[in-house]
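Open the model in your viewer and keep the selection tool at hand. This tour tells you what to select next and what is there.

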Amino acid sequence: MALLDYFTRKKEKQVTTASKAKERLQIIVAHERNSRNKQPDYLPQLTEDILQVLRKYIKVSDESFSINLDKKDGDLNVLELNIELHDEHSTD
Amino acid sequence: MARIIVVTSGKGGVGKTTSSAAIGLGLALKGNKVVLIDFDIGLRNLDLIMGCERRVVYDFVNVINGEATLNQALIKDKRVSSLSILPASQTRDKDALNKENVGKVLEDLGKLYDYIICDSPAGIEAGAMMALYYADEAIVTTNPEVSSVRDSDRILGMLASRSRRAELGLDPIKEHLLLTRYSPKRVEEGEMLSVEDVEDILSIPLLGVIPESQAVLKASNAGEPVILDTESDAGKAYQDVVDRLLGETVDFRFLVAEKKGIFSRMFGG
């Protein structure tokens, strides 16, 4: 029987489960990457503006400042600002 | 400076601990000073895979709490003297670890060792985050299977955003793909994602492909990392991984199924 199978085996490729898996993964992974990288368009400008306001009052170097928009579980977004304050608070 | 390498995956049961043990022992056999750290607090298993479970006295959390010194907690491997294991605690909860105290331990270990291999717990909770936080490189262990690939991608996102390197804006963690439990035969039959498929989806450089092998279970049974089974395909594949980590260019093996002879093809088998 194996001999018969060998000669009668259809040569054309069927859609394999592996190719289905690949296709599904490509879609879901692209989707998930997109949602985790998505930074709103206004973020760079917002960062600039916040820095300007802060610098009216305190010294803030670019390194001691970070801004992050995080998507938490569900619909909750958290805007996180991290500002390192140094000893001298005064502006000159 | 020691190279800090995290062995991670997101999904459980894909071979993180098996890989940590094999790679750590392999690096040590090549003359490097290596320490293996089990980050799976509460579910330690690296000690079993390494065959030193009866020699655990103090653990990672004891060191962090100042109840033991690093020297007291480190277990020297009986096969290779340049290899040590820092076991996880079996009883304490995961909250024992934080960035500061883990950072301190890694800093101390960095003075003594060339390689620090962090065996991550599964998941994306605090323990897994701690294991990857200080990493310079990550070995993303993946099975050619949908849920494992998806979870690996999730972990790649974490490596890029939650690590120390990401937070400080340093060079990103160097990512390596380690494909485990690979069955060339099933790939040829269209039942399993191929190496190329997984590379396409995750788009990170391939470090190694470990074939599905009976040798892995036998190695775990005996507490002898599978790289010591130099006759087995899995052992050889891990040896290639170690050589690549050390900068050698090694061809990938075990990617195609062994061809059946004409007789077994004709008469079935």
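The stops below start with chain A and then move through chain B.

**Stop 1: chain A**

Remember that this is a predicted model. Select chain A and color it by pLDDT. Its mean pLDDT is 78, and 73% of its residues reach 70 or more. Now pick out the elements. Chain A has three helices and two strands. From the N terminus on, they run α-α-α-β-β.

Which element of chain A has the lowest mean pLDDT, and which the highest? Helix 1 (residues 2–8) of chain A has the lowest, at 62. Helix 2 (residues 17–37) of chain A has the highest, at 90. Keep one rule in mind as you look: where pLDDT is low, the predicted coordinates should not be read in detail.

Next, color chain A by burial. Of its 92 residues, 18% are buried. Then turn to its contacts. Among those with a separation of 6 or more, 35% are between residues 24 or more positions apart.

**Stop 2: the sheet of chain B**

Select the strands of chain B. Eight strands form an open sheet, in the order 3-4-2-5-1-6-7-8, and the pairing is mixed. Which strands stand at the edges? They are strand 3 (75–76) and strand 8 of chain B. Each has a single partner strand, so one side of each is left without a neighbour in the sheet. As background, strands of a sheet pair through backbone hydrogen bonds, either parallel or antiparallel.

**Stop 3: strand 1 of chain B**

Go to strand 1 of chain B. Five of its six residues are buried, so this strand is largely enclosed by the rest of the structure. Look to one partner, strand 5 of chain B. Five bridges join the two strands, which run parallel. Now look to strand 6 of chain B. Four bridges join strand 6 to strand 1, and this pair also runs parallel.

Click on Ile5(B). What stands opposite Ile5(B) in strand 5 of chain B? It is Ile117(B). In strand 6 of chain B, Glu137(B) stands opposite Ile5(B).

**Stop 4: strand 8 of chain B**

Move to strand 8 (residues 206–211) of chain B. Is this strand mostly covered or mostly open? It is mostly covered: six of its six residues are buried. Show strand 7 (residues 174–182) of chain B as well. Four bridges join strands 7 and 8 of chain B, which run parallel. Find two of the partners. Leu177(B) is paired with Leu206(B) in strand 8 of chain B. Leu179(B) is paired with Val209(B) in strand 8 of chain B.

Add helix 12 (residues 233–245) of chain B. This helix lies across strand 1, strand 6 (137–142), strand 7 and strand 8 of chain B. Helix 12 runs at about 170° to strand 8 of chain B.

**Stop 5: helices 6 and 7 of chain B**

Select helix 6 (residues 126–133) of chain B. Seven of its eight residues are buried, so the label "mostly covered" fits. The buried ones are Gly127(B), Ala128(B), Met129(B), Met130(B), Ala131(B), Leu132(B) and Tyr133(B). What covers them? The cover includes strand 1 (3–8), helix 5 (99–112), strand 5 (115–119), helix 7 (146–161) and helix 8 (164–167) of chain B.

Step to helix 7 of chain B. This helix has 16 residues and reaches 23 Å from its first C-alpha to its last. That is close to the 22 Å expected at 1.5 Å a residue. Its buried residues include Ser148(B), Val149(B), Ser152(B), Asp153(B) and Ile155(B). Leu156(B), Gly157(B), Met158(B) and Leu159(B) are buried in helix 7 too.

**Stop 6: two cysteines**

Show Cys52(B) and Cys118(B). A disulfide is a covalent bond between the sulfur atoms of two cysteines. How many disulfides are there over all chains? The count comes to zero. Why does Cys52(B) have no bond to Cys118(B)? The sulfur of Cys118(B) is the closest cysteine sulfur to that of Cys52(B), yet it is 16 Å away, too far for a bond. Both residues are buried: Cys52(B) has a relative accessible area of 3%, and Cys118(B) has 0%.

**Stop 7: Gln214(B)**

Finish at Gln214(B), in helix 11 (residues 214–222) of chain B. Is Gln214(B) buried or exposed? Gln214(B) is exposed, with a relative accessible area of 68%. Now draw a line to Val195(B). The two residues are 19 apart in sequence and 20 Å apart in space, C-alpha to C-alpha.

How values were computed: Residues numbered from 1 in each chain as written. Chains lettered and ligands numbered in written order. Predicted model: local features only at pLDDT ≥ 70, side-chain atom pairs only at ≥ 80, totals over all residues. Heavy atoms only, no water. Buried < 20%, exposed > 50% of the residue type's maximum accessible area, 1.4 Å probe, protein only. Pairing = 2+ DSSP bridges. Disulfide = S-S within 2.5 Å. Contact = heavy atoms within 4.5 Å. Expected span 1.5 Å × (residues − 1). pLDDT = per-residue confidence, 0-100. Axes fitted to C-alpha atoms, helices over the stretch in contact; angles between N-to-C directions.
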